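Biologist: Before we use these terms, please set each one against its definition for me.

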Amino acid sequence: MSRTMLALPPDIVEHMMTHCQARTNEALQSRFGISYNTWRQIERGAALRRSVAERLINRIAAEQANA
């Protein structure tokens, strides 16, 4: 895997799947700051651009810490 790509940890993916209200561009953008195309990559278990993956990991980790 490239240094510019990173797969999300399973617990982050599970949290996102559980807390996704709708699988539309608008819902995904407002909830996670991602597009539907990025969502499809996450569903497939594909690696994301490192900056996107790190942002999601930090965002979800902060949510989990505040729960």
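The exchange below takes up fold, compactness and salt bridges in turn.

Modeller: This is a predicted model, in which local features need pLDDT of at least 70 and side-chain atom pairs count only at pLDDT 80 or more, while totals for chains, interfaces and linings use all residues. Residues are numbered from 1 along each chain as its sequence is written, and side-chain values use heavy atoms, with hydrogens and water left out.

Biologist: What makes the protein chain as compact as a globular protein of that length?

Modeller: The radius of gyration, taken over C-alpha atoms, is compared with the globule rule, 2.2 Å times the number of residues to the power 0.38. The protein chain has a radius of 11 Å, close to the 11 Å that the rule gives for 67 residues, so it is as compact as a globular protein of that length.

Biologist: Why is the pair of Arg-23 and Glu-43 called a salt bridge?

Modeller: The term requires a side-chain nitrogen of Lys or Arg within 4 Å of a carboxyl oxygen of Asp or Glu. The closest N and O atoms of Arg-23 and Glu-43 are 3.3 Å apart, so the pair qualifies.

Biologist: Why is Arg-23 called partly exposed?

Modeller: Buried means under 20% relative accessible area and exposed over 50%, with partly exposed in between (1.4 Å probe, protein chains only). Arg-23 has 42%, so it is partly exposed, and Glu-43, at 31%, is partly exposed as well.

Biologist: What makes Arg-23, Arg-40 and Glu-43 one network?

Modeller: Glu-43 also meets Arg-40 in a salt bridge at 3.0 Å, N to O, and salt bridges that share partners join Arg-23, Arg-40 and Glu-43.
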